[in-house]
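Dear colleague,

Please find below the structure that I am handing over to you, followed by an account of what was found in it.

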Amino acid sequence: MNKFTHFLGIDISKEYFDAVIILEGKKELNNHNQFANNAKGIRELRKWLKEFNATSVNTLVCLEHTGMYGKLVIKHLISYEFSLWVEMSLKIIRSIGLQRGKNDKVDAFRIAYYAMKNQEEAVIYKAPRKVVEKIKTLLSVRDKLIQYRGSLSRHTNELKSFDPELYKLAVKHQNNTIKGIATDLKSIEKQLDLLIKEDEILNTIYTQVSSVPGVGKITTLTLICFTNEFSMYATPRQLACYTGVAPFEYTSGKSIKGKPRVNNMANKKLKKLLHMCALTAATYDPELKVYYQRKVEESKNKLLVLNNVRNKLIHRICACIKENRVYKIREVA
């Protein structure tokens with residue numbers, strides 16, 4: 001890790017972003033400016049940084065996850081070879097402690113101060129490849145289409161029981177929409193298959209992960225997107241923690257002796273997908289089926305056992321990626 005002397009905190013919104021730069025050891029001398037969230041604003045940011053001799057070599061840039069609003073800033077700063085740290089907002093807030101008041105300037109300062117205080121723990125951002133960005137976008141659109149189709153169907157089905165006449169009217173005017181959604185979903189599936197097939201690296205990772213019994217196409221692609229092709233997590237434990245599978249101790253002195261439990265700070269989408277994978281694996285994978293049935297017969301909580309199955313799936317996936325191989329099903333005696 002480089003020894004940085006300048007720490008730039010950026011708080012991003014849709015139309016503009018606030019920037020605060022702190023020089024090492026001079027927390028009280030922070031400098032603030034605001035720029036438009038466009039290419040011109042980023043060029044102005046670079047000119048402003050030169051006033052403090054802040055270069056890509058001596059400056060650590062830190063910002064929060066802000067979805068699409070941060071894409072332009074991240075793209076340009078990476079092209080200028082700045083060291084970029086994209087951190088969870090909750091982690092920044094909790095690390096600073098009790099705070100009073102909030103505005104964009106204050107938020108930018110807190111982010112810069114967090115970067116200076118925790119620079120040894122900085123995880124330098126690695127931009128995902130274009131093909132991964134495309135898959136992530138397609139998966140997002142797919143989720144929204146499925147949710148909308150489900151919403152339409154639920155409302156109509158409720159009418160069927162209470163007012164058949166209104167039910168027929170609703171069906172008449174939404175059938176074309178539902179058919180259109182089905183067509184779009186099929187088109188997305190074909191596009192996803194094409195992207196996997198055309199990219200050798202992606203195809204290899206996809207083949208390895210999906211070879212694990214119970215892990216399907218959507219779960220595999222979602223894991224690839226959220227882990228940036230499994231480059232963000234060095235161990236299965238880290239990935240299990242991120243997906244809300246790893247249990248943590250909950251004790252304090254003699255009075256608090258709670259059972260180990262998973263933390264609520266997790267990727268809820270991946271956690272849900274892995275739960276469905278665990279249900280499938282516990283039903284159809286010979287080894288995990290025996291394991292699940294044995295633990296249940298021992299009066300273990302079913303959800304606890306399923307969480308253990310999820311953990312086993314994560315370890316299998318990570319082993320396949322690390323050893324560059326597909327999963328081999330073991331024979332159960």
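I begin with one acidic residue. D18 is found in strand 2 (residues 16-23), where strands are DSSP runs of E of at least two residues and helices are runs of H or I of at least four, both numbered from the N terminus. D18 is buried and has no salt bridge; buried means under 20% relative accessible area, exposed over 50%, and partly exposed in between, with a 1.4 Å probe and protein chains only. A salt bridge is a side-chain nitrogen of Lys or Arg within 4 Å of a carboxyl oxygen of Asp or Glu. For D18, the nearest side chain of opposite charge is that of K105, 8.4 Å away; Lys and Arg count as positive and Asp and Glu as negative, while His and the chain ends are not counted. The side chain of D18 does have a polar contact of 3.2 Å with that of Q34. A polar contact is a pair of N or O atoms within 3.5 Å; within protein, one must be able to donate a hydrogen and the other to accept it, and residues adjacent in sequence count only if both atoms are side-chain atoms. Leaving aside neighbours within four places in sequence, D18 is in contact (heavy atoms within 4.5 Å) with G9, I10, D11, H32, N33, Q34, D104, K105 and A108.

Two remarks on conventions apply throughout. This is a predicted model, in which local features need pLDDT of at least 70 and side-chain atom pairs count only at pLDDT 80 or more, whereas totals for chains, interfaces and linings use all residues. Residues are numbered from 1 along each chain as its sequence is written, and side-chain values use heavy atoms, with hydrogens and water left out.

As to the overall architecture, the protein chain has 12 helices and seven strands. Its C-alpha atoms fill a box of roughly 65 × 60 × 50 Å along the principal axes. Of the 333 residues in the protein chain, 38% are buried. Among contacts between residues at least 6 apart in sequence, 63% join residues at least 24 apart.

The salt bridges come to 13 by the rule stated above. R110 and D107 form one of them, at 3.9 Å from N to O. These two residues are three apart in helix 4 (residues 104-117), and are therefore separated by about one helical turn. R110 and D107 are both buried.

A second pair is D143 and K269, whose closest N and O atoms are 2.5 Å apart. D143 belongs to helix 5 (residues 130-162) and K269 to helix 10 (residues 268-284), so this salt bridge ties together parts that are 126 residues apart in sequence. K269 counts as partly exposed because its relative accessibility is 32%.

The side chains of R316 and D285 also meet in a salt bridge, at 3.6 Å from N to O. Since R316 lies in helix 12 (residues 302-322) and D285 in the loop between helix 10 and helix 11 (286-297), the pair ties together parts that are 31 residues apart in sequence. Both R316 and D285 are buried. In addition, R142, E189, D193 and K217 are joined into one network by salt bridges that share partners. Returning to D285, its relative accessible area is 4%. Not counting residues up to four places away in sequence, D285 touches P213, T280 and R316.

Several loop positions may also be of interest. N53 is found in the loop between helix 1 (39-50) and strand 4 (59-64), and counts as exposed because its relative accessible area is 53%. N53 and H6 are 47 residues apart in sequence and 8.7 Å apart in space, C-alpha to C-alpha.

The loop between helix 8 (217-226) and helix 9 (236-242) holds Y233. The C-alpha atoms of Y233 and C318 are 9.4 Å apart, with their places 85 residues apart in sequence. N228 lies in that loop between helix 8 and helix 9 as well. Although N228 is not a glycine, it has a positive phi of about 50 degrees; N228 counts as buried, at 7% relative accessibility.

N324, in the segment after helix 12, is likewise not a glycine and has a positive phi of about 55 degrees. N324 is exposed, with a relative accessible area of 54%.

Yours sincerely
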